[in-house]
Amino acid sequence: MERETGIIKDSISKKKIVFFGIVPFAILSMMIVLILSYPSLFFSGQFIVVPEISIEKVEFEPLKIIATVSNTGHSEVSIVQADVNDRIHSAAMEPDNTLKRFESARVIIPFSWNEGQPYGIGLTTDDGTRFEKTIQFATLTPQPTLKQASNFALIGTYVGVIPVMIGLLWYPFIRKLSLNKYNFFLSFTLGLLVFLGIDALLEGNEIVVRDISSAFHGQMLLIMVAILSLVSLIYISSKLMKNARAKSSDPEYPVYTEVSKEDASNVSSVQSSRQHLIIRPVALSMMIAIGIGLHNFGEGLAIGAAVLLGEVALSSFLILGFTLHNTTEGLAIVAPMARNKKLAIAKLILMGLIAGVPTIIGSWIGGFLYSPLATIIFLGIGAGAIFQVVYSVGSWMYYNNNKVLASLPIVSGFMLGIFIMYITGLLV
Amino acid sequence: MSHPQAIVLVGVIISILTLGVVTVLGSAKDENSTFNTKQFGGHTPGYGTYETTGSVLDPTSLPTDPKNSVVDPMKFLREFNHGRVSHSANGSTVREFTVIASDQSTREISPGVNYNVWTFNNTVPGPTLRATEGDLIRINFVNNGSGFHTMHFHGIHPSEMDGVFEGIAPGGKFTYEFIAEPFGVFPYHCHIQPLEEHITHGLYGALIIDPKKPRANADEMVMMMNGYDTDFDTENNFYTVNGIPYYYMHHPINIEEGKLIRIYLVNMLEFDPLNNFHLHANMFNFYKTGTNLVPDEYTDIVTMNQGERGILEFSYKFPGKYMFHAHKTEFAEKGWMGSFLVTAPENAVNASSFTNVTTAITNPTNGGLS
């Protein structure tokens, strides 16, 4: 009897579960319908709709200023007047001057602007509210011509490819180091990467503050993309490692070879134990190269965008700063694979290109098509990728140093890595 | 490069880059699809005309919608309200006006820009009241607004007619009565605090008191310099003469060559400490405050502080189009500019447009006076 009722209870409770799962949704939908149909039941007085638009981009063409504006408020908005430096000018708006929520349009203002001067571009909505965007340095917006593209490619090569390649030349030097010194350089690399990851987030934040309307919650988007990128890359890499292990002849083949305490003191035995890890260091280097490539892509976007937005005149000094700063990235790539017996020059060059070339591509996209939203998404992905590399290299070192990271070479290398990045970063 | 992990990661990068390239191509495609429909930008010397498929935002060449416009500047220009005339027991002239204050309507003050204006008789600026020195002025004031309002006149009158200490409540009425003295040009405005708020929303107008011996016959007009702070940041977004920015640029004021022109100029601009008037290709006699029959200055520019006013007299020697505007060029480029179209007498457009319009409309809700 008890058992029977128990069964009946079970079947009832299943229905109940479904019922109780639906009830909150049903009540919620009723609420929504009610509020939308009879707002006066809930709110006394008028709804005051505050228009909000955001001028996302301002481009300078001969005798023309073109602003891209989007409606980031909660209701449809009409833009009725345009001004330059708070002086009203005739203008056109394409496709038209009424913007639905999140819709954007281009405002074309015929204006004889002067190179190098700051300008405030203002738009007034139909309720008389004026919105402004200030451009520090008016300069002809780069047009996607072959000449401009090759200019960007040249800048990208100097800033991204050449420094990474120079950094790779440390490869033979690092190969000859003792374990302690090697640990020092590997953790030095970690320091560099942590710096780059934080740098990407800060740079993204600057763009959020400057160019992205609060309606998009840019800061949260940046952090969220970085976390998603980090978590999914960790998942993908561990999945791939498991598959690789399953395929190998030894089912007990460990992801990280653990070294006994006696062996740890003996450099030669460490080297012998590393025989099993031939793939790992190369993969780590590759991951670092990709992570840095993503970072450099973001850096390229920033350089291109800076030129587009007239924020900087790219000076030779600035390019020199980037070059010095990025040379350390080459070092980060060579460090893990330095202990490989086999010299892999071709692979190194490939990695150098993977890390460096995205700078060029980034500068093209940033310079010809600046989208703040896309830029922070790329920067977020880049930051996540770098932190994933930090995680991988970190765990690799952890297992190869008997689960002890708090040694002097490692800690000092890490700190010096961050510090060097900070110092070279001052040049940019 | 045999490692699958690396290959996947390279794949991720490639797909990101592809996304970027696709976006570039996508936007390039948009720019190619232009069908030329409307022209804009051609009115400014030195600029070409541009064509657009979209909307034209052009306050300097598009007229506002007259139905919802805050004022008809062309009508306002030469409209002088002499009131309903009667005579008192002692034989002096009595001029009776009705002025209604409102503060609830939202009107178009510049093409597409809607702003909650506070008005005397439904327009900004309010009606130009006119009397002769010694007349008894009687103003039946009705407050149709949602807050307290008054009418405060400049000039000589008793304390209780000053419109300062006796605020008129919503729905309330008050009769202002005083002898018109001295002759000159006087602003009137609401004197409820915050003053700045009541004035900048539009509660002001001009009172002209003519000398007993009339001034020489002339084509007379009133020009009220004002501004609108539509986003409430205590800075004017628009500057105008007679209520609508740029209006007389696309509707030039027709005047006759050689004819004496008399402008009653009043500055009711808020926030900015000064405003001015500059006449092109000509000079004018300026009578400060209009209280003297001898000109104070022969000039082409006059600068006024808040509430200051005067009379300008000039005539044009040559036909053609001439600008007038604030020589504070910021104001000019935010709407305070206009133009005269001077024609030789034989080509004169319509002689009746030069005679002063005298109104005695009895229905005050229609924006008229009685």
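This presentation describes selected features of chains A and B in a predicted model.

Good morning, colleagues. I shall begin with chain A as a whole. Chain A contains 13 helices and nine strands. Of its 428 residues, 50% are buried. As for the contacts in chain A with a separation of 6 or more, 76% of them join residues 24 or more positions apart.

Let me turn to the helices. Two packed helices are described by the angle between their axes and the distance between the axes. I have two pairs to present, and helix 5 of chain A takes part in each.

The first pair joins helix 5, residues 179–211, to helix 12, residues 372–400, both of chain A. Their axes are 9 Å apart, and the packing angle is about 160 degrees. How are these two helices of chain A oriented to each other? Angles over 145 degrees count as roughly antiparallel, and helix 5 and helix 12 of chain A are therefore roughly antiparallel to each other. Their crossing is left-handed.

The second pair joins helix 5 of chain A to helix 13 of chain A, which covers residues 408–425. Here the axes lie 6 Å apart, at an angle of about 40 degrees. Because of that angle, helix 5 and helix 13 of chain A are classed as oblique to each other. The crossing of helix 5 and helix 13 of chain A is right-handed. On the side of helix 5 of chain A, the residues making this contact include Phe184(A), Phe188(A), Leu192(A) and Phe195(A). On the side of helix 13 of chain A, they include Pro409(A), Phe414(A), Gly417(A) and Tyr422(A).

I would like to stay with helix 12 of chain A for a moment, as Gly384(A) lies in it. Is Gly384(A) buried or exposed? Its relative accessibility is 1%, so Gly384(A) counts as buried. Leaving aside neighbours within four places in sequence, Gly384(A) is in contact with Ala226(A), Ser229(A) and Leu230(A). Gly384(A) and Ile234(A) are separated by 150 residues in sequence, while their C-alpha atoms are 9.7 Å apart in space.

Two points of backbone geometry complete chain A. The peptide bond from Glu94(A) to Pro95(A) is cis, with omega near 0 degrees. Pro95(A) is placed in the loop between strand 5 (91–94) and strand 6 (98–99) of chain A. Leu63(A), a residue other than glycine, has a positive phi, near 60 degrees. Its place is the loop between strand 1 (53–61) and strand 2 (64–71) of chain A. With a relative accessible area of 37%, Leu63(A) is partly exposed.

We now move to chain B, and I begin with confidence. The mean pLDDT of chain B is 86, with 80% of its residues at 70 or more. Where, then, does the pLDDT of chain B stay under 50? One such stretch is residues 26–36 of chain B, for which the model has seven contacts beyond four places in sequence. Over residues 351–370 of chain B the pLDDT is also below 50, and this stretch has 46 contacts in the model beyond near neighbours in sequence.

Next, I draw your attention to Arg262(B), in strand 17 (residues 261–267) of chain B. At 1% relative accessibility, Arg262(B) counts as buried, because the cut-off for buried is under 20%. What does the side chain of Arg262(B) reach at 2.8 Å? The partner is the backbone oxygen of Ala216(B). Not counting residues up to four places away in sequence, Arg262(B) touches several residues, among them Arg215(B), Asp219(B), Glu220(B), Ile311(B) and Glu313(B).

I close with three loops of chain B. Thr53(B) sits in the loop between strand 2 (50–52) and strand 3 (55–57), and at 30% relative accessibility it counts as partly exposed. From C-alpha to C-alpha, Thr53(B) and Lys38(B) are 6.4 Å apart in space, with their positions 15 residues apart in sequence.

Pro125(B) is found in the loop between strand 7 (113–120) and strand 8 (129–132) of chain B. The peptide bond leading to Pro125(B) from Val124(B) is cis, with omega near 0 degrees.

Finally, Phe232(B) lies in the loop between strand 14 (219–228) and strand 15 (238–241) of chain B. Although Phe232(B) is not a glycine, its phi is positive, at about 55 degrees. Phe232(B) counts as exposed, at 57% relative accessibility.

Thank you for your attention.

Terms used: Residues numbered from 1 in each chain as written. Chains lettered and ligands numbered in written order. Heavy atoms only, no water. pLDDT = per-residue confidence, 0-100. Contact = heavy atoms within 4.5 Å. Helix = DSSP H or I, 4+ residues; strand = E, 2+ residues; numbered from the N terminus. Buried < 20%, exposed > 50% of the residue type's maximum accessible area, 1.4 Å probe, protein only. Polar contact = N/O pair within 3.5 Å; in protein donor to acceptor, adjacent residues only side chain to side chain. Axes fitted to C-alpha atoms, helices over the stretch in contact; angles between N-to-C directions. Parallel < 35°, antiparallel > 145°, perpendicular 65-115°, else oblique. Left-handed = near helix turned anticlockwise from the far one by under 90°.
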